[in-house]
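Dear colleague,

I am handing over the structure below for your consideration. My findings follow it, arranged by topic.

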Amino acid sequence: MVVCESLVRIFRTGTRARDGVEVQALQGLDLTVREGELLALVGASGSGKSTLLAILAGLDTPSAGTARVAGTDLGTLKGRARTVYRRRTVGTIQQQTAANLLPYLTARENVQLPMGYAGVPRRRRAERASGLLGLMGIAEAADRTPAMLSGGEQQRVAIAVALANEPRLLLADEPTGELDTATSEEIFDALHTANTELGTTVLIVTHDALVADQVSRTVRIRDGRTSAEVLRRPRVAGAGGLGGLGGAGGLGGLGGVDAVDGEQEYAVLDRVGRLQLPREFTESLGLADRVRLVLEADHIEVWPDRDQPRPDGVGE
Ligand code: ADP
Ligand code: MG
């Protein structure tokens, strides 16, 4: 559904290119998302998550590299085709609950609005809006305006709006950012429902450990690159199901970093062989600057470089 390869986005600030400051929001990001997947994207503030989502939403264009969604190349998409892509292929939900809905329209009218732009016949619009509000568990809110709804209800209406034109991909940028824990759970359930009931591929950007714990794959972005992945499998799968990656046993004693059964941390290996190790791992062993590599028959060992004096400031 989504293939990003060496994706780069550079922002130039300042009025003239000459005296402008360059910000590399994405620095060669690789990401693949399968159709039907529900994926969490995590990473510190400023790591490039929203920039990536804006590109996938067709609202921004990459500076270099490729981004394809459902076979559409977003680097070359222009004019009318871009508009159709934004209306039909993707749906988006923002963190600011208020930004997702028009305040003077009822929930039902908000959901029907994008269908109007896409040319869906009036009768079909009403049916589909009711169906989606029902699916989101807020049928009773159909005739209320956003001001009459709680934050959680507003976000569920927003998900129904995003789903109005049956998008292949749903992009949610910190959809639970303004909500309390119980309400966050509701929103996550609603996104999960969209994924399982409608088959929509869902990409959630979140700081919320609760959400990240419930999805089968979490991808971490750091400095504009995908740096690590956590896959969660049922306990019974154990290490054997993980393709001989050693299982959790080899990571024992790391104080919770990968202690959960059936959970395995992965790093992204890019096409030229670069690998970013999780900070918790490098800090726990004091790895810095240079590490010693040993190629074994079925794995690679990464050792501290004992010949070097250990630096005072481990990490960055
Ligand atoms: P995140 O969503 O992970 O917090 P963003 O994608 O919003 O991160 O931002 C990544 C980096 O790009 C940040 O350093 C941010 O300041 C910068 N950035 C984002 N949008 C713009 C823009 N329109 N102009 C200049 N810099 C930007
Ligand atoms: Mg952001």
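To begin at one point along the chain, helix 3 is followed by Gly119, which has a positive phi, near 80 degrees. Please bear in mind throughout that this is a predicted model.

Helix 3 and its surroundings

Helix 3 covers residues 107–117, and its buried residues are Ala107, Asn110, Val111, Gln112, Pro114 and Met115. Several of these positions can be read against the geometry of a helix. An α-helix has 3.6 residues a turn, so residues three or four places apart point the same way. Helix 4 (122–135) and helix 5 (151–162) are among the parts that cover the buried residues of helix 3.

Salt bridges

Side chains of opposite charge can pair when their charged atoms come close. How many salt bridges does the structure hold? The total is 11, and several of them deserve a description.

Helix 3 takes part in one of them: Arg108 pairs with Asp143, and their closest N and O atoms are 3.2 Å apart. Because Arg108 belongs to helix 3 and Asp143 to the loop between helix 4 and helix 5, this pair ties together parts that are 35 residues apart in sequence. Asp143 counts as exposed, at 56% relative accessibility, whereas Arg108 is partly exposed, with a relative accessible area of 24%.

Helix 4 contributes to another salt bridge, in which the side chains of Arg128 and Glu166 meet at 3.8 Å, N to O. Arg128 lies in helix 4 and Glu166 in the loop between helix 5 and strand 7 (169–173), so the pair ties together parts that are 38 residues apart in sequence. Is each partner buried or exposed? Arg128 counts as buried because its relative accessibility is 15%, under the 20% cut-off. Glu166 counts as exposed because its relative accessibility is 53%, over the 50% cut-off.

A further salt bridge joins Asp305 and Arg290, with the closest N and O atoms 2.6 Å apart. Asp305 is found in the segment after strand 13 (300–304), and Arg290 in the loop between helix 8 (279–285) and strand 12 (291–295), so parts that are 15 residues apart in sequence are tied together by this pair. Asp305 counts as buried, at 10% relative accessibility, while Arg290 is partly exposed, with a relative accessible area of 48%.

Finally on this topic, a network of salt bridges links Arg34, Glu37 and Arg217.

The surroundings of ligand 1

Which residues are around ligand 1? They are Phe11, Thr13, Val23, Ala25, Ala44, Ser45, Gly46, Ser47, Gly48, Lys49, Ser50 and Thr51. By class, this shell has 4 nonpolar, 7 polar and 1 charged residues. Strand 1 (2–13), strand 2 (21–33) and helix 1 (49–56) each supply at least two residues of the shell. Helix 1 gives the most, with 3 residues.

Three of the shell residues have atoms whose distances to the ligand may interest you:

- Gly48: a backbone N or O atom lies 3.0 Å from an oxygen atom of ligand 1.
- Lys49: a polar side-chain atom lies 2.8 Å from an oxygen atom of ligand 1.
- Thr51: a polar side-chain atom lies 2.5 Å from an oxygen atom of ligand 1.

Taken alone, ligand 1 exposes 560 Å², and the protein buries 62% of that area.

With kind regards

How values were computed. Residues numbered from 1 in each chain as written. Chains lettered and ligands numbered in written order. Predicted model: local features only at pLDDT ≥ 70, side-chain atom pairs only at ≥ 80, totals over all residues. Heavy atoms only, no water. Near = heavy atom within 4 Å. Polar contact = N/O pair within 3.5 Å; in protein donor to acceptor, adjacent residues only side chain to side chain. Areas by Shrake-Rupley, 256 points an atom, 1.4 Å probe, with all protein chains shown as cover. Helix = DSSP H or I, 4+ residues; strand = E, 2+ residues; numbered from the N terminus. Nonpolar A, V, L, I, M, F, W, Y, C, P; charged D, E, K, R; others polar. Buried < 20%, exposed > 50% of the residue type's maximum accessible area, 1.4 Å probe, protein only. Contact = heavy atoms within 4.5 Å. Salt bridge = Lys/Arg side-chain N within 4 Å of Asp/Glu carboxyl O.
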